[in-house]
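Q: Hey, can we go through this structure together? I'd like to start with how the protein and the DNA meet.

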Amino acid sequence: MAYWLVKSEPDVYSIDQLKKDKRTCWDGVRNYQARNLLRDSMKKGDIVLFYHSNCAEPGVTGIAKVVREGYPDNTNYKGKGNPDPANPTWFMVDIAFQRKLKRVITLAEIKAEGRLRDMQLVQRGNRLSVMPVSAAEYELLIGME
DNA sequence: GCCAACGTTGGC
DNA sequence: GCCAACGTTGGC
């Protein structure tokens, strides 16, 4: 089993929305590196840290689980369907709500924790919206809750 | 709203 | 295949 972190702008899709929906398809990812992870690496049962970006208090806000492995995301090709559905470019997974953290583990705290300095999240110029997290990093982070 | 960092696009 | 222009992300 692996661990992941996904970013979402709370104005667009928040942890509270996921809690309400119970599960959602993680669509709209339009980055090839992230696409490869969605398509090839994320497995059913994997744990996903839910991160709020581009907001007043960026940080990890909850935990979700992969409930459906990568399948074609044929929508939203600039507003239209995939011109070639047999050969999809973009993929998505389904994730289900697990729980909200008791509090937000903020980006500032993560940066301040030296043992988390290798997390992709805090690497320079990181813009990936889906990224792997090691088991050790996951445990440490959850321990800060 | 600013700006740095990065990906993508397109001319050549 | 190079590289400048442009668009997007995301912290601050």
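A: Sure. One term before we begin: a polar contact is a pair of N or O atoms within 3.5 Å. Also keep in mind that this is a predicted model.

Q: Okay, so how far is the polar side-chain atom of Tyr51 from a phosphate oxygen of DNA strand C?

A: That distance is 2.7 Å. It falls within 3.5 Å, so the pair counts as a polar contact.

Q: Which atoms of Asn54 and Lys111 lie by a phosphate oxygen of DNA strand C?

A: For Asn54, a backbone N or O atom is 2.9 Å from a phosphate oxygen of the strand. Lys111 uses an N or O atom of its side chain, at 2.8 Å from a phosphate oxygen of DNA strand C.

Q: Which residues surround DNA strand C?

A: Lys7, Tyr51, Ser53, Asn54, Pro58, Leu107, Lys111, Arg127 and Leu128. Of the strand C atoms that come within 4 Å of the protein, 67% are from sugar and phosphate.

Q: And what classes of residue make up the surface near DNA strand C?

A: Four are nonpolar, two are polar and three are charged.

Q: Now the other strand. What's around DNA strand B?

A: Tyr32, Arg124, Gly125 and Arg127. By class, that surface has one nonpolar, one polar and two charged residues. Sugar or phosphate supplies 64% of the atoms of DNA strand B within 4 Å of the protein, and bases supply the rest.

Q: Which part of Arg124 lies 2.9 Å from a phosphate oxygen of DNA strand B?

A: A backbone N or O atom of Arg124.

Q: Back to Ser53 from the strand C list. Where does Ser53 lie?

A: In the loop between β3 (47–52) and β4 (59–72).

Q: Is Ser53 buried or exposed?

A: Buried, because its relative accessibility is 15% and the cut-off for buried is under 20%. Leaving out residues up to four places away in sequence, Ser53 touches Lys7, Ser8, Glu9 and Pro10.

Q: Switching topic: how do you even find a pocket?

A: Rolling a probe the size of a water molecule over the atoms shows where empty space is left.

Q: How much space lies in the largest pocket?

A: About 390 Å³. Its lining has 16 residues, and the closest to the centre are Lys7, Ser8, Glu9, Val12 and Trp26. The elements giving two or more residues to that lining are β1 (3–8) and β2 (23–25).

Q: What mix of classes does the lining of the largest pocket have?

A: Six nonpolar, six polar and four charged residues.

Q: What about helix α4, which residues are buried there?

A: In α4 (residues 135–143), those are Glu137, Tyr138, Leu140, Leu141 and Ile142. Their cover includes β1, β3, β4, β5 (91–106), α3 (107–112) and β6 (130–133).

Q: Thr106 next. Where is Thr106, and is Thr106 buried or exposed?

A: Thr106 sits in strand β5 and is buried, with a relative accessible area of 12%. Apart from neighbours within four places in sequence, Thr106 is in contact with Glu57, Pro58 and Gly59.

Q: Last one: is Asp118 buried or exposed?

A: Exposed, because its relative accessible area is 62% and exposed means over 50%. Asp118 is in the loop between α3 and β6. Not counting residues up to four places away in sequence, Asp118 touches Gln123 and Glu137.

Note on methods
Residues are numbered from 1 along each chain as its sequence is written. Chains are lettered from A and ligands numbered from 1 in the order in which they are written. This is a predicted model: local features need pLDDT of at least 70, side-chain atom pairs count only at pLDDT 80 or more; totals for chains, interfaces and linings use all residues. Side-chain values use heavy atoms; hydrogens and water are left out. A residue is near a molecule or strand if one of its heavy atoms lies within 4 Å of it. A polar contact is a pair of N or O atoms within 3.5 Å; within protein, one must be able to donate a hydrogen and the other to accept it, and residues adjacent in sequence count only if both atoms are side-chain atoms. Ala, Val, Leu, Ile, Met, Phe, Trp, Tyr, Cys and Pro count as nonpolar, Asp, Glu, Lys and Arg as charged, and the others, Gly among them, as polar. On a 1 Å grid over the protein atoms alone, a cavity is a set of points where a 1.4 Å probe fits but cannot get out, and a pocket is an open set with protein on both sides within 12 Å along at least five of seven lines; lining residues have an atom within 4 Å of a point. Grid points are joined across faces, edges and corners, and a volume is the space filled by probe spheres set on the points. Helices (H or I, at least four residues) and strands (E, at least two) are DSSP runs, numbered from the N terminus. Buried means under 20% relative accessible area, exposed over 50%, partly exposed in between (1.4 Å probe, protein chains only). Contact means heavy atoms within 4.5 Å.
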